[in-house]
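Grab a pencil and work through these exercises with the model open beside you. Try each task before reading its solution.

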Amino acid sequence: MRIWITSVFVEDQEKALRFYTEVLGFVKKHNVPLGGGARWLTVVSAEQPTGTELLLEPSGHPAVPPYQAALVADGIPAVSFSVDDVQAEYERLHALGVEFTQEPTRMGPVTMAVFDDTCGNLVQIVRPAL
């Protein structure tokens, strides 16, 4: 069994697509209209175009806004991405205007940082221990 797709709820799919591709560097994989303005909209890592997809899922379900707000209020990231160098990625994203809620921090064998994706979520970047 392998992870094929995972999702993150977003308030605006078009805004999320711009952020996740133009700022974070992901690549659009699927963009399928579902009706009612919603789309099956996925992105993948430019380094792994056949890897796990991230679904930019519309946050229209009534349970989503309180769920997202609670996670953000408690500082809990909705998703975590691995990077080779947290400090370098922090500096790149910070220069692009990304707002961080946690600057790069070493916690035991890992280094991590957390930022706001502008679409209702906190996102963690992490350099896992080898």
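**Exercise 1.** Which residue of β8 is the bridge partner of methionine 112? Then place the two strands in their sheet.

*Solution.* Step one: look across from methionine 112, and you'll find valine 126 as its bridge partner in β8. This is a predicted model, where local features need pLDDT of at least 70 and side-chain atom pairs count only at pLDDT 80 or more, while totals for chains, interfaces and linings use all residues. Residues are numbered from 1 along each chain as its sequence is written, and side-chain values use heavy atoms, with hydrogens and water left out.

Step two: widen the view to whole strands (DSSP runs of E, at least two residues; helices are runs of H or I, at least four residues; both are numbered from the N terminus). β7 (residues 110-116) and β8 are antiparallel and share six bridges. Two strands count as paired if DSSP finds at least two bridges between them.

Step three: read off the sheet. Its four strands go β5-β8-β7-β6, and the sheet is open with mixed pairing. β5 and β6 (100-107) are the edges with a single partner strand each, so one side of each has no neighbour in the sheet. On average, neighbouring strands here are turned by 20° against each other, direction ignored.

Step four: add the helix. α3 packs on this sheet and touches β6, β7 and β8, contact being heavy atoms within 4.5 Å. The direction of α3 makes about 170° with that of β6. For such angles, axes are lines fitted to C-alpha atoms, for helices over the stretch in contact, and values run from 0 to 180 degrees between N-to-C directions.

**Exercise 2.** Work out the strand order of the sheet that holds β1, β2, β3 and β4.

*Solution.* Start with a pair: β2 and β3 run antiparallel, joined by seven bridges. Lysine 28, for one, has valine 43 in β3 as its bridge partner. Now fill in the rest: the order is β1-β4-β3-β2, an open sheet with mixed pairing. β1 (5-10) and β2 (27-35) are the edge strands, pairing on one side only. From one strand to the next, the twist averages 25°. Finally, lay helix α1 (residues 13-23) across β1, β2, β3 and β4; the helix runs at about 5° to β3.

**Exercise 3.** Find the side chain that meets glutamate 14 in a salt bridge, then explain what the pair ties together.

*Solution.* First, the cut-off: a salt bridge is a side-chain nitrogen of Lys or Arg within 4 Å of a carboxyl oxygen of Asp or Glu. The whole structure has two salt bridges. One of them joins glutamate 14 to arginine 39, at 3.0 Å from N to O. Glutamate 14 sits in helix α1 and arginine 39 in strand β3, so the pair ties together parts 25 residues apart in sequence.

**Exercise 4.** Which strand gives the most to the lining of the largest pocket?

*Solution.* Begin with the rule: on a 1 Å grid over the protein atoms alone, a pocket is an open set of points with protein on both sides within 12 Å along at least five of seven lines, while a cavity is a set where a 1.4 Å probe fits but cannot get out; lining residues have an atom within 4 Å of a point. Grid points are joined across faces, edges and corners, and a volume is the space filled by probe spheres set on the points.

The largest pocket comes out at about 740 Å³. Among its 27 lining residues, Phe26, Ser45, Glu47, Phe81 and Ser82 are the closest to its centre. The answer is β5, with four residues of the lining.
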